[in-house]
Amino acid sequence: MANEHGQKWDRCLADSTVKIATGLGVGIVFSVLFFKRRTWPVAFGSGVGLGMGYSNCQQDFRSPYQLHGHRVKEQ
């Protein structure tokens with residue numbers, strides 16, 4: 001039980017980190033190319049990434065019977 005909970009936290013933090021970094025990167029690109037180096041696209045992209053990570057974490061913790069990448073062999 002504790003091991004599953006730890007794995008969910010690890011997945012949650014890794015997924016959130018990737019989504020925030022991707023949003024930050026997209027925000028920087030849009031800021032430089034389209035919005036004359038304003039800061040709001042960077043903040044918006046990071047916020048979207050944070051929101052997506054939070055939403056995925058909530059879904060992962062609320063579904064206790066979902067298996068992530070494991071095969072169950074029928075006997």
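A residue is called buried when its relative accessible area is under 20%, exposed when that area is over 50%, and partly exposed in between. This tour applies those words to a predicted model.

**First stop: D60 and R11**

Select D60 in helix α2. With a relative accessible area of 6%, D60 falls under the 20% limit, so D60 is buried. Now add R11 to the selection. D60 and R11 form a salt bridge, in which the closest N and O atoms are 3.4 Å apart. The partners belong to distant parts of the chain: R11 is in helix α1 and D60 is in helix α2, 49 residues apart. Unlike D60, which is buried, R11 is partly exposed, with 32% relative accessibility.

**Second stop: the disulfide**

Next, select C12 and C57 and display their sulfur atoms. What joins C12 to C57? A disulfide does, with a distance of 1.8 Å from S to S. In general, such a link is a covalent bond between the sulfur atoms of two cysteines. The model has one disulfide. Turn the view until the S-S bond can be followed from end to end. The torsion about the bond between C12 and C57 is about 105°, and the disulfide is therefore right-handed. C12 is part of helix α1 (residues 2-33) and C57 is part of helix α2 (residues 40-62), so the disulfide ties together parts that lie 45 residues apart in sequence. Both cysteines, C12 and C57, are buried.

**Third stop: along helix α2**

Select residues 40-62, which make up helix α2. The helix has 23 residues, and the distance from its first C-alpha to its last is 33 Å. That reach is close to the 33 Å expected at 1.5 Å a residue. Which residues of α2 are buried? They are P41, G45, S46, G49, G53, C57 and D60. Colour these residues to see where they fall along the helix. Two of them have already appeared on this tour: C57 in the disulfide and D60 in the salt bridge with R11.

**Fourth stop: D15, K19 and V18 in helix α1**

Move to D15, which is in helix α1. The side chains of D15 and K19 meet in a salt bridge, at 3.2 Å from N to O. The count of salt bridges in the model comes to two. D15 and K19 are four residues apart in helix α1, so about one helical turn separates them. How accessible are the two partners? D15 is partly exposed at 23% relative accessibility, and K19 is partly exposed at 22%.

Keep D15 selected and add Y54. Their C-alpha atoms are separated by 9.2 Å, although D15 and Y54 are 39 residues apart along the chain. Then select V18, also found in helix α1, together with L50. The C-alpha atoms of V18 and L50 are 9.5 Å apart, with these positions 32 residues apart along the chain. V18 is exposed, because its relative accessible area of 51% is over the 50% limit.

**Fifth stop: residues 16-35 and a nonpolar patch**

Select residues 16-35. An unreviewed UniProt entry lists this span as "transmembrane region". In the model the span is 90% helix and 0% strand, and its end C-alpha atoms lie 26 Å apart.

Now display the surface and select L24, V26, I28, V29, F30, V32, L33 and F34. Together these residues make a nonpolar surface patch of about 720 Å². F34, one of the patch residues, is found in the loop between α1 and α2. F34 is exposed, with a relative accessible area of 55%.

**Last stop: the loop between the helices**

Finally, select K36 and R37. K36 lies in the loop between α1 and α2, and R37 is found there too. What is phi of each residue? Phi of K36 is near 50°, and phi of R37 is near 60°. Both values are positive, in residues other than glycine. Most residues other than glycine have a negative phi. Show the surface once more to see how these side chains are placed. K36 is exposed at 74% relative accessibility, and R37 is exposed at 65%.

Key. Residues are numbered from 1 along each chain as its sequence is written. This is a predicted model: local features need pLDDT of at least 70, side-chain atom pairs count only at pLDDT 80 or more; totals for chains, interfaces and linings use all residues. Side-chain values use heavy atoms; hydrogens and water are left out. A disulfide is a pair of cysteine sulfur atoms within 2.5 Å. Helices (H or I, at least four residues) and strands (E, at least two) are DSSP runs, numbered from the N terminus. Buried means under 20% relative accessible area, exposed over 50%, partly exposed in between (1.4 Å probe, protein chains only). The expected span of a helix is 1.5 Å times one less than its number of residues. Patches are made of residues with over 30% relative accessible area and no salt bridge: like charges are joined within 9 Å, nonpolar side chains (Val, Leu, Ile, Met, Phe, Trp, Tyr) within 5 Å. Accessible areas come from the Shrake-Rupley method with a 1.4 Å probe; for residues, only the protein chains shown count as cover. A salt bridge is a side-chain nitrogen of Lys or Arg within 4 Å of a carboxyl oxygen of Asp or Glu. UniProt positions are given in the numbering used here, feature names are shortened, and annotations may be inferred rather than shown by experiment.
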